[in-house]
Amino acid sequence: MQVLRGIPDHAEHGCVLTIGNFDGVHRGHQALLARLAAKARETGLPAVVLTFEPHPREYFTHEVRPVRLTSLREKVGLLEQHGVDRIVIGRFNERFAGLSAEAFIEDVLIHGLGVRHLLIGDDFRFGRGRKGDFALLRATGERAGFTVEAMPTLADADGRVSSSAVREALAAGDMPRAARLLGRPYSISGRVLHGDKIGRTIGFPTANIQLKHRSPPLMGIFTVSVDGVAERPWPGVASIGVRPTINDAGRPSLEVHLFDWHGDCYDAHLRVNFLAWQRAEERYDSLDALTAQIARDADQARAHFARNPL
């Protein structure tokens, strides 16, 4: 799969294209991507996704950083799993935000990407002031030689499948609901960094997963499995939060205690799968009180795996 930073000035080949942020790559996104891949096979053209960095919401909200379900690296990996041939990452900046809907079609879709068939969600809007819509795309396509198809929104028994619904489920600690929306357990990937090693001193060594500048969509103590330390998923318990007993920096961190693991995983790139919410993060008066609670958390996670083996 190709990953291109920036939209080309002139496309060398035609493509089947979809556009979106694809945060989380949930089941609604997956249905659209399956249709994209099928249309690409039918036409013999590459399946292309146009996405944006930074997220347009980040551009318009400035200092307020919206909660992301996936990092760019995670999103690229998930898109590749669903049959995408090329990802074009457009930089969302002042110039791009100022494009009229007509200029977006002409400069980006036709000249830059060579669209032959465009697949969009039924709520897709684009261009300055969000004035572009399906009707404009279809009318322009009839003149310019590309076709347009709208995918209906996917819904389940609980409502619309969307990135917002996933965020709400995660914030509420409803991991089964989040997994149903995503078609897989929610996960966070990152590199293992050296931490303050307090866990070792209290009998619960942890892998400290880099969150970079991310605002995580969930907080608390979780039963988890971890990919990347062995050939099979490894069971554990994780804390994601600001560690109020240890420091008052207020920066979120992700720490995972791997059960019965004795290896070295520094600098490894791990994926933490959040299987069950246990409790909210709390402040304790002493390390002894914290250690006792971590032991109870670990016992609860082990009991989960006794009932649900990996």
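## A barrel, an open sheet and their cores

A closed barrel of six strands runs in the order β9-β10-β13-β12-β11-β14, with antiparallel pairing. Neighbouring strands of this barrel are turned by 45 degrees against each other on average, when direction is ignored. The model is predicted, and its chain averages a pLDDT of 90, with 90% of the residues scoring at least 70. Confidence is highest in strand β2, residues 15-19, at a mean of 98, and lowest in helix α9, residues 198-201, at a mean of 60.

Within the barrel, β9 and β10 pair in the antiparallel sense over two bridges, and the bridge partner of Leu193 in β10 is Asn208. Helix α8 lies across β9, β11 and β14, running at about 135 degrees to β14. Ala179 is found in α8, and because its relative accessibility is 24%, Ala179 counts as partly exposed. Once its neighbours within four places in sequence are left aside, Ala179 is in contact with Arg184 and Pro185. Ala179 and Leu270 are 91 residues apart in sequence, and their C-alpha atoms are 19 Å apart in space.

The largest nonpolar core holds 31 residues, of which Tyr186, Leu218, Leu254, Val256 and Phe274 touch the most other members. At least two residues of this core come from each of α7 (163-171), α8 (175-182), β9 (186-193), β10 (207-209), β11 (220-227), β12 (234-241), β13 (253-258) and β14 (269-279). Phe274 can serve as a point of entry: leaving aside neighbours within four places in sequence, Phe274 is in contact with Met175, Pro185, Tyr186, Ser187, Ile188, Leu218, Phe222, Thr223, Val224, Ile240 and Leu254. Apart from this core lies another, of 26 residues, among them Phe92, Ala97, Ala101 and Leu113.

The other sheet to follow is an open one, in which six strands are arranged in the order β1-β4-β3-β2-β5-β6 and the pairing is parallel. Since β1 and β6 (147-151) stand at the edges, each with a single partner strand, one side of each is left without a neighbour in the sheet. In this open sheet, neighbouring strands are turned by 25 degrees against each other on average, direction again being ignored. Strands of a sheet pair through backbone hydrogen bonds, either parallel or antiparallel. Here β3 and β4 run parallel and are joined by six bridges, and the bridge partner of Val49 in β4 is Ile87. Towards the β6 edge, helix α6 (residues 134-144) lies across β5 (115-121) and β6, running at about 155 degrees to β6.

Helix α3, residues 72-81, has Leu72, Glu74, Lys75, Val76, Leu78 and Leu79 among its buried residues. An α-helix has 3.6 residues a turn, so residues three or four places apart point the same way. The elements covering the buried residues of α3 include β1 (2-5), α1 (27-43), β3 (47-53) and β4 (86-91) from one part of the list, together with β9. The helix is followed by Gly83, whose phi is positive, near 85 degrees.

Aromatic rings offer a further way to read the model, and a search of the whole structure finds nine aromatic pairs. One of them is formed by Phe96 and Phe104, which meet edge-to-face at 6.0 Å centre to centre, with 90 degrees between the planes. Phe96 counts as buried because its relative accessibility is 8%, and Phe104 likewise counts as buried because its value is 4%. Trp234 and Trp261 form another edge-to-face pair, at 5.2 Å centre to centre and with 75 degrees between the planes. Because Trp234 lies in strand β12 and Trp261 in the loop between β13 and β14, this pair ties together parts that are 27 residues apart in sequence. As buried means under 20% relative accessible area, Trp234, at 14% relative accessibility, counts as buried, whereas Trp261, at 23%, counts as partly exposed. Phe96 and Phe104 also belong to one aromatic cluster, which they form with Phe52, Phe92, Phe124 and Phe126.

Notes:
Residues are numbered from 1 along each chain as its sequence is written. This is a predicted model: local features need pLDDT of at least 70, side-chain atom pairs count only at pLDDT 80 or more; totals for chains, interfaces and linings use all residues. Side-chain values use heavy atoms; hydrogens and water are left out. pLDDT is the predictor's confidence in each residue, from 0 to 100. Helices (H or I, at least four residues) and strands (E, at least two) are DSSP runs, numbered from the N terminus. A nonpolar core is a set of buried Ala, Val, Leu, Ile, Met, Phe, Trp, Tyr and Cys residues joined through side-chain atoms within 4.5 Å. Buried means under 20% relative accessible area, exposed over 50%, partly exposed in between (1.4 Å probe, protein chains only). Contact means heavy atoms within 4.5 Å. Two strands pair if DSSP finds at least two bridges between them. Axes are lines fitted to C-alpha atoms, for helices over the stretch in contact, and angles run from 0 to 180 degrees between N-to-C directions. Rings of Phe, Tyr and Trp (its six-membered ring) pair if their centres lie within 6.5 Å; planes under 30 degrees apart count as stacked, over 60 as edge-to-face and the rest as tilted.
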